[in-house]
Amino acid sequence: MRIIRVEHGGTSYYGILEDGLVFRLHQQPGHMEPIPLSEAKVLPLVTPSKVVCVGLNYKAHAEELGYPLPNMPSFFLKPPSSIIGNGEPIVLPSGMGRIEHEAELAMVVGKVCRNLTPEEAEESLFGFTCANDVTAREVQKVDPLIGHCKSYDTFCPIGPWIETDLEDINDLSIRCLVNGEVRQSANTGDMIFRPLDLLCFLSRVMTLMPGDVILTGTPPGISPIQADDVVQVSIEGIGTLSNPVEGPGPEEKILQ
């Protein structure tokens with residue numbers, strides 16, 4: 001089942017996308033009929049309290065960055081203000097040097113979670129989607145606080161929808177294409193720490209809230225993006241997240 005978030009008739013809500021029609025996920029009197037997707041404004045999928053990003057979760061990615069393999073999951077946070085939806089532009093900040101894509105499988109939390117057991121993990125999720133953990137790589141090399149290079153506005157594209165039914169999240173192909181050229185290609189089976197294990201681990205560190213997003217790490221093949229590129233993240237069983245890339249506008253240059 002594909003879940004999207006839309007605005008229509010002055011209200012925003014989650015809906016089920018089916019054959020170009022949007023059915024309200026929670027129907028209300030007077031709003032029982034579906035609407036054509038073309039008549040709705042598609043909103044970013046989530047408005048989370050936090051975006052939790054797992055780092056170095058593919059062995060080959062750790063090797064390409066020259067980092068040792070982790071003995072336990074490591075993570076950092078992106079601000080919710082970095083989130084954009086499918087089709088929205090990634091805006092490159094001025095003067096930050098090399099900016100790179102990172103294709104990732106994302107989990108969307110479905111209910112309040114704390115100290116989950118493995119048996120509770122799967123039922124605590126709302127679903128899965130594609131994400132791009134955009135990174136200012138040169139900033140990362142000089143700033144030990146990793147949040148700086150990850151936190152710019154538009155640096156967390158998520159979409160195109162939330163998929164609630166996947167047969168095996170531990171065996172999904174994941175790819176990133178820039179202007180149609182494959183830059184990353186791997187399988188979620190290559191992860192060091194599996195998605196549901198990550199969910200349990202993080203729930204022992206912090207309370208996870210409905211709508212929170214967990215990015216599960218990127219495979220090898222990260223590469224730079226620049227203005228006028230189109231970046232696509234495709235994950236088997238989910239779909240394709242596509243975002244154009246723009247250079248900084250005049251107001252961004254002033255702020256920098």
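Okay, let's start in the middle: strand β11 and strand β17 (residues 213–215) pair in the antiparallel sense over three bridges. Strands and helices here are DSSP runs, numbered from the N terminus, with at least two residues (E) for a strand and at least four (H or I) for a helix. Two strands pair if DSSP finds at least two bridges between them. For anyone new to this, strands of a sheet pair through backbone hydrogen bonds, either parallel or antiparallel.

Quick word on where this comes from: it's a predicted model, so local features need pLDDT of at least 70 and side-chain atom pairs count only at pLDDT 80 or more, while totals for chains, interfaces and linings use all residues. Residues are numbered from 1 along each chain as its sequence is written, and side-chain values use heavy atoms, with hydrogens and water left out.

Back to β11. If you look across to β17, Val108 has Val213 as its bridge partner. β11 also pairs with strand β12 (residues 125–132), again antiparallel, over seven bridges, and there Leu105 is matched with Cys130.

So, why is β11 described as largely enclosed by the rest of the structure? Because seven of the seven residues of this strand (residues 103–109) are buried. Buried means under 20% relative accessible area, exposed means over 50%, and partly exposed is in between, using a 1.4 Å probe and protein chains only. Ala103, Leu105, Met107 and Val109 point one way, Glu104, Ala106 and Val108 point the other way, and all are buried.

Next up, the sheets. One is open, with five strands in the order β9-β20-β19-β15-β16 and mixed pairing. Its edge strands are β9 and β16, each pairing on one side only. At that β16 edge, β15 (residues 173–178) and β16 (residues 181–187) run antiparallel, joined by six bridges. Ser173 has Asn187 as its partner in β16. These two strands make a hairpin with two residues between them, and Asn179 in the turn has a positive phi of about 55°. On to β19: five bridges join it to β15, also antiparallel, with Cys176 opposite Val233.

While we're in β19 (residues 230–235), find Ser234. Is Ser234 buried or exposed? It's buried, because its relative accessible area is 17%. Ser234 touches Ser173, Ile174, Arg175, Gly239 and Thr240, leaving aside residues up to four places away in sequence; contact here means heavy atoms within 4.5 Å. With Thr240 there's also a side-chain polar contact of 2.7 Å. A polar contact is a pair of N or O atoms within 3.5 Å; within protein, one must be able to donate a hydrogen and the other to accept it, and residues adjacent in sequence count only if both atoms are side-chain atoms.

There's also an open sheet of three strands, β13-β10-β18, with antiparallel pairing. The edges are β13 (135–136) and β18 (224–225), each pairing on one side only. Two bridges hold β10 to β18, and Ile99 is partnered with Ile225.

Now, salt bridges: a side-chain nitrogen of Lys or Arg within 4 Å of a carboxyl oxygen of Asp or Glu. How many salt bridges does that rule give? The count comes to nine. In one of them, Asp212 meets Lys50, with the closest N and O atoms 2.7 Å apart. That pair links distant parts of the chain: Asp212 is in the loop between α5 (195–205) and β17, Lys50 is in the loop between β5 (41–42) and β6 (51–55), and they're 162 residues apart. Both Asp212 and Lys50 are buried.

Then there's Asp133 with Lys150, at 2.9 Å between the closest N and O atoms. Asp133 sits in the loop between β12 and β13, and Lys150 in helix α4 (residues 147–150), 17 residues apart. Asp133 counts as buried because its relative accessibility is 1%, and Lys150 does too, at 3%. Asp133 and Lys150 also belong to a salt-bridge network with Lys78, Arg98, Glu100, Glu102 and Arg137.

Compare that with Glu181 and Arg183, whose side chains meet in a salt bridge of 3.6 Å, N to O. Glu181 is partly exposed, at 45% relative accessible area, and Arg183 is partly exposed at 26%.

That's my tour, thanks!
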